[in-house]
Amino acid sequence: MSRQRLSLWWFVGTLVFSLLSMLVPLPDVLAPFKPYWPALFLLYWSLESNDRVSLGLAFLMGLAADLLDGVLLGEQALRLCALVFIALRFRSRLRFFPMWQQTLAVFALLLNDRVLLLVVRVFAGDPLPPASWWVAPFVGAALWPFLFLLLDDLRMRLRIQ
Amino acid sequence: MALAREDASPLFAGSVAGTLRLIFYLALAMVLMVLDHRNGWMWRIRYAAAAVVEPLYRLAGMPATGMRTLTVAFADRQRLTEQNQRLGEDLLLANAKLNRMAAVAEQNQRLKELLDTQHSLELNVQLARVIGVDLGAYRHRVMLNLGARDGIRPGQPVIDARGVMGQVIEVLPTTSVMMLVTDPNHAVPVVIERTGLRTMAYGSRDGNQLSLPTIPLVADVKVGDRLLTSGLGGRFPPGFPVGEVTAVAPAPTGMFLEAHARPSADLNRSGDVLLLHDQAEPAGPPAPVTPMGPPADLAPVPAGAPAAAASTPAPPAGAAR
């Protein structure tokens, strides 16, 4: 029972941590390279945990991120929903990919996410972002193997599902 | 949760229910976005949710503050001494200048009283600190540690020691969000110090500069010209430095000159900023006067209902005066 509770807290804790690290600023030089943390953590959980991540959870998490970000309510909810839907749909295949293939898949998902964001922003009347805006998915994909292995390792050590 | 297990992850074909759920959530998100974009009631939700959101901001701002504290803690003594000396010299210089200006300012004040204008050189400011929170890449927003409880209102100009930084756009109970002058959606009316030419400085989409796209072709603008706020529009008080022109070239349309300027405020590194109060002097035509006429209680009583007519007209008459 307490093991179950621990794993639930671990799950919620990583998600809150991802939201917080979205808010933590980086030095100016590194700012364009900041990956989209909530997406990476949600992807990890949707691949690893069978029934915890659902579209509703992604929606709620996106709403929370929107409230924190203060940009447009529903923007990140939309993006995270699309991302989690694709990840869940191809979950069985993504899980058995070798790491480099999985990284490529994550890169495609993150790129798709950026395109969605671009569409939303253009519809909202914002100007087109500069070229360095497209760097973030690359960084996210490059970090994915490390994040995946780290989270997996921590999960094994804590012996939680 | 257990119910969803059997169709949770089929190897190839997806379930129709999952797609329907996706469509539902996407539609919900779109409805939210449209409503928020049209009505802007997101701020009201955020204001209500501030009790939860603001501690998170403080928490997320802690690494940045920690870094700042660490750099101070581990800065070597010599550098601190040097910095201290430099600041002392700056202060001495500024004080000397101020003393010389004081007489001029007083004279100016007297002359202006004679002329019956209401411009004042005094500053009514409030010191605020920047909270190190990332509100999204390329958003040109900065969070400050004062809010509605400290008397901050949307629209207040924000300056630092070197010039105009931006304005407050959104206020939470104990924090507020400021839009920088470099935001593409921001514009500030400026005047070129050397020639007195009035124009607008917009934020530009590629990073930390201002763009002035509508300068007449015959105007005299050079690289190095300083831009000051002109005070038109009534939001920014006149005379604060905004930037310095770095490039002038004909616009692609060929109808205007387009200049780029570097903002003079220290947008990336400002830790402390000043919020201006009560500076907006109304510019433009005076507010429309309420039409004058004989007081309403002198109006002839309609024949139909004397009792009702006698009691109702009194409040509007008082309000009109």
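# Two chains, two barrels: a predicted model

Let me start with one residue in chain B. Setting aside the neighbours within four places in sequence, D272(B) makes contact with L127(B), A128(B), R129(B) and D160(B). D272(B) sits in strand β12, residues 272-276 of chain B. What you are looking at is a predicted model, and the values I quote are computed from it.

How far apart are the C-alpha atoms of D272(B) and D160(B)? They are separated by 7.3 Å, although the two residues are 112 apart along the chain. As for accessibility, D272(B) has a relative accessible area of 37%, above the 20% limit for buried and below the 50% limit for exposed, so D272(B) is partly exposed.

Now the sheet around that residue. β12(B) belongs to a closed barrel of six strands, in the order β1-β2-β5-β4-β3-β12, with antiparallel pairing. From one strand to the next, the twist averages 45 degrees. Within this barrel, strand β3 (residues 157-159) and strand β4 (residues 164-171) of chain B run antiparallel and are joined by three bridges. One position to look at is V158(B), whose bridge partner in β4(B) is G166(B).

A helix lies over part of this barrel. Helix α3 of chain B, residues 50-74, lies across β1 (125-131) and β2 (141-144) of chain B. The angle between α3(B) and β1(B) is about 90 degrees.

Chain B has a second barrel. This closed barrel also has six strands, running β6-β7-β8-β11-β10-β9, and its pairing is antiparallel. Here the twist from strand to strand averages 40 degrees.

Take β10 of the second barrel, with a partner on each side. Strand β9 (residues 226-229) of chain B pairs with β10(B) in the antiparallel sense over three bridges. In that pair, L228(B) has P241(B) in β10(B) as its bridge partner. With strand β11 (residues 257-263) of chain B, strand β10 (residues 241-250) of chain B also pairs in the antiparallel sense, over seven bridges. Which residues of β11(B) stand opposite V248(B) and A249(B)? For V248(B), that is A259(B); for A249(B), it is E258(B).

β10(B) and β11(B) form a hairpin, and six residues lie between them. In the turn, G254(B) has a positive phi of about 80 degrees.

Next, the helix α4 of chain B, residues 77-115. Its 39 residues should span 57 Å at 1.5 Å a residue; the end C-alpha atoms are 54 Å apart, which agrees. Where does α4(B) bend? At M101(B), by about 35 degrees.

For chain B as a whole, there are six helices and 12 strands. Of its 321 residues, 33% are buried. Among its contacts between residues at least 6 apart in sequence, 57% join residues at least 24 apart.

Now chain A. This chain has seven helices and zero strands. Buried residues account for 54% of its 161 residues. Of the contacts in chain A between residues at least 6 apart in sequence, 69% connect residues at least 24 apart.

Helix α1 of chain A covers residues 2-23. From first C-alpha to last, its 22 residues reach 31 Å, close to the 32 Å expected at 1.5 Å a residue. Its buried residues include S7(A), F11(A), T14(A) and L15(A), as well as S18(A). What covers the buried residues of α1(A)? The cover includes α2 (37-48), α3 (55-69), α4 (75-89) and α7 of chain A, together with α3 of chain B. You have already met that last helix: α3(B) lies across β1 and β2 of chain B.

F11(A) also takes part in an aromatic cluster. Ring pairs link F11(A) with Y44(A), W45(A), W144(A) and F148(A). Over all chains, the aromatic pairs come to 10. For W144(A) and F148(A), the ring centres are 5.5 Å apart and the planes are at 45 degrees, so this pair is tilted; the tilted class is the one between 30 and 60 degrees. Both residues lie in helix α7 (residues 135-158) of chain A, four residues apart, about one turn of the helix. In an α-helix there are 3.6 residues a turn, so residues three or four places apart point the same way. Are W144(A) and F148(A) buried or exposed? Both are buried.

Key:
Residues numbered from 1 in each chain as written. Chains lettered and ligands numbered in written order. Predicted model: local features only at pLDDT ≥ 70, side-chain atom pairs only at ≥ 80, totals over all residues. Heavy atoms only, no water. Helix = DSSP H or I, 4+ residues; strand = E, 2+ residues; numbered from the N terminus. Expected span 1.5 Å × (residues − 1). Bend = angle between axes of the 7 residues up to and from the residue. Pairing = 2+ DSSP bridges. Axes fitted to C-alpha atoms, helices over the stretch in contact; angles between N-to-C directions. Contact = heavy atoms within 4.5 Å. Phe/Tyr/Trp six-rings, centres within 6.5 Å; stacked < 30°, edge-to-face > 60°. Buried < 20%, exposed > 50% of the residue type's maximum accessible area, 1.4 Å probe, protein only.
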